Amino acid sequence: MKPLIAANWKCNPTSQKEAKTLFEGIKKRVKNIKNAEVVICPPFVYLSILKGLTLGAQNCYFEEKGAFTGEISALILKNMGIDYVIIGHSERRKYFKETNEEINKKIKRAISAGLKVIFCVGETSQERDEGNKTNIIKNQLKEGLEGISKAETKNITIAYEPIWAIGTGNNCSVDETMTSILFIKQTLNNLYNRAVADKTRVIYGGSVKGENSNSYIKEAGASGLLVGGASLKTEEFVKIVKSSI
Ligand code: PGA
């Protein structure tokens, strides 16, 4: 399976012009790379002006359509030709109070609309310090995947994103990442079976940079990367993509 390298631009950049420049710069340098799947996840409003690389949204609503002012549904995204959606990012959980239950509804709706889901899980530093890391991740997986069939899991990639590693420069060690990925696989095995655990991509996110990206794929067993800050710098992101193949 090709590594999935997803760029999470978050709430950046702040103009269409900058978004296009960043996108075109990345596109020029990665479009001929065949051994990695590169997905760019910009703010919603830029999705329709960026063409030529696989696109993902950073969120979607759990209803299909209707009177939900300000929301964007999975079906709207799918009908625009978008392939991926990030669901359950820790910033959505923290600032927008998204619960596992809501995340579960979003994942179900996204899959039924035909989107591929990057489902984020991960613990805070406090949960880690208190020895609760595995319980938290297990619960996020169990509740987030509730009612999702084995067949549907082929549309899901799990992103392990320890919250203490996001945007801090304090990236997770190779050993700890490997242990967490194995734990996620073991949980998928318990929730489904070994085939699902084997086939589901588990990627890593949290302060990934050109200088550390390779070790997650080559040593920790990650099937790809979710890149925030470094995806806003063309050369740095291209370096990350190249290091994964
Ligand atoms: P970061 O963000 O690479 O800036 O740490 C990763 C993420 O939040 O997906």
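Let us begin at the ligand, where an oxygen atom lies 3.5 Å from an N or O atom in the side chain of asparagine 8. I should say at once that this is a predicted model. Two backbone contacts accompany that of asparagine 8. A polar backbone atom of glycine 167 is 2.6 Å from an oxygen atom of the ligand, and for a polar backbone atom of glycine 229 the corresponding distance is 2.8 Å. As for the area of the ligand, 280 Å² is exposed when the ligand is taken alone, and the protein buries 95% of that.

Which residues make up the surroundings? The ligand is surrounded by 13 residues, the closest being Lys10, His89, Glu161, Gly167 and Ser207. By character, this shell comprises seven polar, four nonpolar and two charged residues.

Lysine 10 deserves a further word. It belongs to the loop between β1 and α1, and its phi is near 55°, a positive value in a residue other than glycine. With a relative accessible area of 21%, lysine 10 is classed as partly exposed; the cut-off for buried is under 20%. The loop between β1 (4-8) and α1 (16-30) also contains proline 13. The peptide bond that leads from asparagine 12 into proline 13 is cis, and its omega is near -15°.

The backbone oxygen of lysine 10 is in turn reached by the side chain of glutamine 58, at 3.0 Å. Glutamine 58 itself is located in the loop between β3 (54-57) and α2 (74-79). A polar atom of its side chain also lies 3.0 Å from the backbone oxygen of cysteine 41. The side chain of glutamine 58 thus has contacts with the backbone oxygen of lysine 10 and with that of cysteine 41.

A second lysine with a positive phi is lysine 97, at about 55°, although this residue is not a glycine. Lysine 97 sits in the loop between α3 (90-95) and α4 (100-113). Its relative accessibility is 60%, so lysine 97 counts as exposed.

I turn now to the aromatic residues. How many aromatic pairs does a search of the whole structure find? The search returns four. In one pair, tyrosine 61 and phenylalanine 68, the ring centres are 5.1 Å apart and the planes meet at 50°, so this pair is tilted. The angle falls between the limits of under 30 degrees for stacked and over 60 for edge-to-face. Tyrosine 61 is buried, at 17% relative accessible area, whereas phenylalanine 68, at 32%, is partly exposed. Together with Phe62, Tyr61 and Phe68 form one aromatic cluster.

Tyrosine 160 and tyrosine 204 form another tilted pair, with 6.4 Å from centre to centre and 50° between the planes. This pair links distant parts of the chain, 44 residues apart: tyrosine 160 is in strand β6 (residues 156-160) and tyrosine 204 in strand β7 (residues 202-205). Are these two tyrosines buried or exposed? Both tyrosine 160 and tyrosine 204 are buried.

Finally, there are contacts between arginine and aromatic rings. The charged end of arginine 128 sits over the ring of tryptophan 164, at 3.9 Å from the ring centre. Likewise, arginine 92 places its charged end over the ring of phenylalanine 96, at 4.1 Å from the centre.

Notes: Residues are numbered from 1 along each chain as its sequence is written. This is a predicted model: local features need pLDDT of at least 70, side-chain atom pairs count only at pLDDT 80 or more; totals for chains, interfaces and linings use all residues. Side-chain values use heavy atoms; hydrogens and water are left out. Rings of Phe, Tyr and Trp (its six-membered ring) pair if their centres lie within 6.5 Å; planes under 30 degrees apart count as stacked, over 60 as edge-to-face and the rest as tilted. Buried means under 20% relative accessible area, exposed over 50%, partly exposed in between (1.4 Å probe, protein chains only). Helices (H or I, at least four residues) and strands (E, at least two) are DSSP runs, numbered from the N terminus. A charge sits over a ring if NZ of Lys or CZ of Arg is within 6 Å of the ring centre and within 35 degrees of the ring normal. A residue is near a molecule or strand if one of its heavy atoms lies within 4 Å of it. A polar contact is a pair of N or O atoms within 3.5 Å; within protein, one must be able to donate a hydrogen and the other to accept it, and residues adjacent in sequence count only if both atoms are side-chain atoms. Accessible areas come from the Shrake-Rupley method with a 1.4 Å probe; for residues, only the protein chains shown count as cover. Ala, Val, Leu, Ile, Met, Phe, Trp, Tyr, Cys and Pro count as nonpolar, Asp, Glu, Lys and Arg as charged, and the others, Gly among them, as polar.
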